[in-house]
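Morning, everyone. I have one structure to walk through today. Please have it open in front of you.

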There are 2 protein chains.
Amino acid sequence: MNYSQQRNCILNIVVSNPIHPTAEQVYEIARRSYPNISLGTVYRNLNQLSEHGILKKICSSYGSVRFDGRTDPHFHMVCTHCGKVFDVELEELLSIKEKLSDMYGFDVINYEVSIQGICKECKNTEIA
Amino acid sequence: MNYSQQRNCILNIVVSNPIHPTAEQVYEIARRSYPNISLGTVYRNLNQLSEHGILKKICSSYGSVRFDGRTDPHFHMVCTHCGKVFDVELEELLSIKEKLSDMYGFDVINYEVSIQGICKECKNTEIA
DNA sequence: GAAATAAACGATAATCTTTATTAAATTAGT
DNA sequence: ACTAATTTAATAAAGATTATCGTTTATTTC
């Protein structure tokens, strides 16, 4: 399932831009290479790539879905001031799957930690 | 900020129905008491109550935002088969705030763990 | 308790995000 | 190069959420 220039372009954009872009952002970047690429194409491919585990969807309580080219276990902090998304490592979460299966009989397919707060930079500039 | 019969009704619905309802679901229930309540009123109040920390918004990668009357630290599992949302307790996550502040200089306002998988019941009925 | 002020409501339009449809173009296999 | 399958662009449609605005309801002041 890896043909079409557009799909490769979309994948590259997400992987090489670790800003956790929204579909709209991917679309804007993709248009530089494919000026009449359609937003529908972007959505379709982002969803297909996510379903195949090549990308990951990340959600937050506000705003659009974002996409992540990193698929190894890690989590996300969203700064509610500047909107940037940061990667976070939390080892204590890596054992969640087994724990939830034991405690609740739940087969974990995917899990996500979404943290909202104020990032270091915004904290500093606010003080100044 | 706690007047209006409609707001109290909406709050009661979310608190007394621990199904983590969507705005649409709250709307359907609220109409039993206030037949011409507006969906906009439901959204407005759910958001206001969330902003005041009286309710909590919960997001999942698919579907609408849901609301939770429990505001103490706990997390959520969504069954991708039946769509139900379950509460989860994970003590190892309760210290996230301090850890993220130490490691990343990030002031945590809120955090959310969203787990997708197949619940016990759906697993059993699938086998049968 | 009535009048004045502020907040919230209902109805509806508008917006934003995402998905579906379809004819034309592209890709893969022979 | 030819045929079948897949993908695309363009567009419409659907779904979720927010904004607008005149009217109603609640709070405050007298």
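I'll take the two DNA strands in turn, then a pair of helices in chain A.

One caution before the details. This is a predicted model.

Let's start with DNA strand C. How many residues are around this strand? There are 17 residues around DNA strand C. Five of them come nearest: Tyr43(A), Asn47(A), Ser4(B), Thr41(B) and Arg44(B). So much for who is there; now the DNA side.

Which part of strand C faces the protein, sugar and phosphate or bases? Take the atoms of DNA strand C within 4 Å of the protein. Of those, 86% belong to sugar or phosphate, and the rest to bases.

Now some individual polar contacts on strand C. Ser4(B) has a side-chain N or O atom 2.8 Å from a phosphate oxygen. Gln6(B) places a polar side-chain atom 3.0 Å from a sugar or linking oxygen. Ser38(B) works through its backbone: a polar atom there is 3.3 Å from a phosphate oxygen of strand C.

Which elements give two or more residues to this surface? They are α3 (39-51) of chain A, plus α1 (5-16) and α3 (39-51) of chain B. By class, the surface near strand C has six nonpolar, nine polar and two charged residues.

On to DNA strand D. Here, 17 residues surround the strand. The closest are Ser4(A), Thr41(A), Arg44(A), Tyr3(B) and Tyr43(B). Of the strand D atoms that come within 4 Å of the protein, sugar and phosphate account for 84%.

Polar contacts again. In Tyr3(A), a side-chain N or O atom is 3.3 Å from a sugar or linking oxygen of strand D. Two backbones also take part. Asn36(A) has a backbone N or O atom 3.2 Å from a phosphate oxygen. For Ser38(A), a backbone N or O atom is 3.2 Å from a phosphate oxygen.

The elements giving two or more residues to the surface near strand D are α1 and α3 of chain A and α3 of chain B. That surface divides into six nonpolar, nine polar and two charged residues.

Last topic: helix packing in chain A. How do α1(A) and α2(A) cross? Their axes come within 10 Å and cross at roughly 125°. That angle makes α1(A) oblique to α2(A). The crossing is right-handed.

Who makes the contact? From α1(A), Cys9(A), Ile10(A), Ile13(A) and Val14(A). From α2(A), Val26(A), Ile29(A), Ala30(A) and Ser33(A). By class, this contact has seven nonpolar residues, one polar and no charged.

Conventions: Residues are numbered from 1 along each chain as its sequence is written. Chains are lettered from A and ligands numbered from 1 in the order in which they are written. This is a predicted model: local features need pLDDT of at least 70, side-chain atom pairs count only at pLDDT 80 or more; totals for chains, interfaces and linings use all residues. Side-chain values use heavy atoms; hydrogens and water are left out. A residue is near a molecule or strand if one of its heavy atoms lies within 4 Å of it. A polar contact is a pair of N or O atoms within 3.5 Å; within protein, one must be able to donate a hydrogen and the other to accept it, and residues adjacent in sequence count only if both atoms are side-chain atoms. Helices (H or I, at least four residues) and strands (E, at least two) are DSSP runs, numbered from the N terminus. Ala, Val, Leu, Ile, Met, Phe, Trp, Tyr, Cys and Pro count as nonpolar, Asp, Glu, Lys and Arg as charged, and the others, Gly among them, as polar. Axes are lines fitted to C-alpha atoms, for helices over the stretch in contact, and angles run from 0 to 180 degrees between N-to-C directions. Angles under 35 degrees count as roughly parallel, over 145 as roughly antiparallel, 65 to 115 as roughly perpendicular and the rest as oblique. A crossing is left-handed if the near helix is turned anticlockwise from the far one by less than a right angle, and right-handed if clockwise. Contact means heavy atoms within 4.5 Å.
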